[in-house]
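Biologist: I am new to reading protein structures. Could you walk me through one, feature by feature?

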Amino acid sequence: MNINKSKYFIFLGPPGGGKGTQAKRLAKKLGYFYFGMGDLLRQEAKKKTPLGQKFQAILDKGQGGLISDQKLNNFLSHNFSKLAKYPGIVFDGVPRTLYQAEHLATLLRNNINQTKVINLDVSDNLLIERIQTRRVCQQCEKIFFQPKKLGIHRCYCGGKLIQRDEDKVDVFIKRLAIYNQETKPIIDYYQKQGILLNINGDPSIDQVWEDIQEKLSLD
């Protein structure tokens, strides 16, 4: 792969698999825009927009559901139009269904030669173990794993560390079931296009990052 030809990176993987952390690292290294759908939807929830209220309602129900394809595609199109000034984009949390993948392809003008998909493969047992120790800063949304074990009681910014509703085990298991049903078929979709890169997501965050850089031939 010639990294210089890639303007778009799409991170796939189960909830709690670490794709957000790795996507942010890649975006920072390349100077690309980080398009984190989960973060954007949470921002909408705080602003109490119609879509944000819908997203919050799904979280409040504790059923691990997803925003409808049509609503999410409209939101994606609206935000994508603002990103022309950036040299590239790293997507995290979208697409989650084949319909969304096909819609994103039209936004990217079906430019397969400039798109690379990174799939983090993580075992279910490890995901459940990780999610029980994940805490998020209520202020800056930085993610911590096992903060108490590391002696961390507050974020570096001073914010309180909380467990998001979507990370509670019962909700998470439902989210994982939806992922296995709705999102895994996307892997085959991108595999057939020859743009999928599989990465073992079980090792430590730093090891996974090293593997990504090696597979992408990043310095």
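Biologist: Which residues touch the most other members in the largest nonpolar core?

Modeller: Start with the general idea: in soluble globular proteins, nonpolar side chains tend to be buried together. Keep in mind that this is a predicted model. Here the largest nonpolar core has 36 residues, and the ones touching the most other members are Leu 12, Phe 35, Met 37, Leu 76, Phe 91, Leu 104 and Tyr 190.

Biologist: Which helices and strands each supply at least two residues of this core?

Modeller: Two strands do, S1 (8-12) and S3 (89-92), along with the helices H2 (37-47), H3 (50-61), H4 (69-80), H5 (98-107), H6 (124-131) and H7 (169-193). Helix H7 gives the largest share, 6 residues.

Biologist: Let me zoom in on one member. What does Phe 91 touch, not counting residues up to four places away in sequence?

Modeller: Its list includes Tyr 8, Phe 9, Ile 10 and Phe 11. Phe 91 also touches Phe 35, Leu 76, Phe 80, Leu 104 and Leu 108. Apart from the largest core there lies another one, of 16 residues, and among them are Val 90, Leu 120, Trp 209 and Leu 218.

Biologist: Now for helices that meet. At what angle do the axes of H2 and H4 cross?

Modeller: To read a helix pair, look at how close the axes come and at the angle between them. The axes of H2 and H4 come within 12 Å and cross at roughly 95°. That makes H2 roughly perpendicular to H4, because angles of 65 to 115 degrees count that way.

Biologist: Which residues of H2 and H4 meet?

Modeller: From H2 there are Met 37, Leu 40, Leu 41 and Glu 44, and they meet Leu 72, Phe 75 and Leu 76 of H4. By type, the residues of this contact are 6 nonpolar, no polar and 1 charged.

Biologist: I also want to learn to read a sheet. What is the order of the strands in the open sheet of 3 strands?

Modeller: Strands of a sheet pair through backbone hydrogen bonds, either parallel or antiparallel. In this open sheet the order is S6-S5-S7, and the pairing is antiparallel. Strands S6 (143-145) and S7 (161-162) are at the edges with a single partner strand each, so one side of each has no neighbour in the sheet.

Biologist: How many bridges join S5 to S6?

Modeller: There are 3 bridges between S5 and S6. One pair to find on screen is Arg 135 with its bridge partner Phe 144 in S6. Strand S5 (residues 134-137) is also joined to S7, by 2 bridges. On that side, Cys 137 stands opposite Leu 161 in S7.

Biologist: What is unusual to look for in the backbone? Which residue takes a positive phi in the hairpin of S5 and S6?

Modeller: That is Glu 141, in a hairpin with 5 residues between the strands. Its phi is about 70°, although Glu 141 is not a glycine. Gln 146 likewise has a positive phi, of about 50°, and is not a glycine either. Gln 146 sits in the loop between S6 and S7, and it counts as partly exposed at 37% relative accessibility.

Biologist: Where is the cis peptide bond that has an omega of about 5°?

Modeller: It joins Val 94 and Pro 95. To find Pro 95, go to the loop between S3 and H5.

Biologist: Back in the hairpin loop, what does Cys 140 touch, not counting residues up to four places away in sequence?

Modeller: Cys 140 touches Cys 155 and Cys 157. Cys 140 is in the loop between S5 and S6 and is partly exposed, with a relative accessible area of 41%. For a sense of distance, the C-alpha atoms of Cys 140 and Ile 187 are separated by 31 Å, while these residues are 47 apart along the chain.

Biologist: How far apart are Asn 180 and Pro 14 in space and in sequence?

Modeller: They are 8.0 Å apart in space, C-alpha to C-alpha, and 166 residues apart in sequence. Asn 180 lies in helix H7 and is partly exposed, at 31% relative accessible area. Leaving out residues up to four places away in sequence, Asn 180 touches Asp 124 and Pro 185.

Note on methods: Residues numbered from 1 in each chain as written. Predicted model: local features only at pLDDT ≥ 70, side-chain atom pairs only at ≥ 80, totals over all residues. Heavy atoms only, no water. Pairing = 2+ DSSP bridges. Helix = DSSP H or I, 4+ residues; strand = E, 2+ residues; numbered from the N terminus. Core = buried A, V, L, I, M, F, W, Y, C linked by side-chain atoms within 4.5 Å. Buried < 20%, exposed > 50% of the residue type's maximum accessible area, 1.4 Å probe, protein only. Contact = heavy atoms within 4.5 Å. Axes fitted to C-alpha atoms, helices over the stretch in contact; angles between N-to-C directions. Parallel < 35°, antiparallel > 145°, perpendicular 65-115°, else oblique. Nonpolar A, V, L, I, M, F, W, Y, C, P; charged D, E, K, R; others polar.
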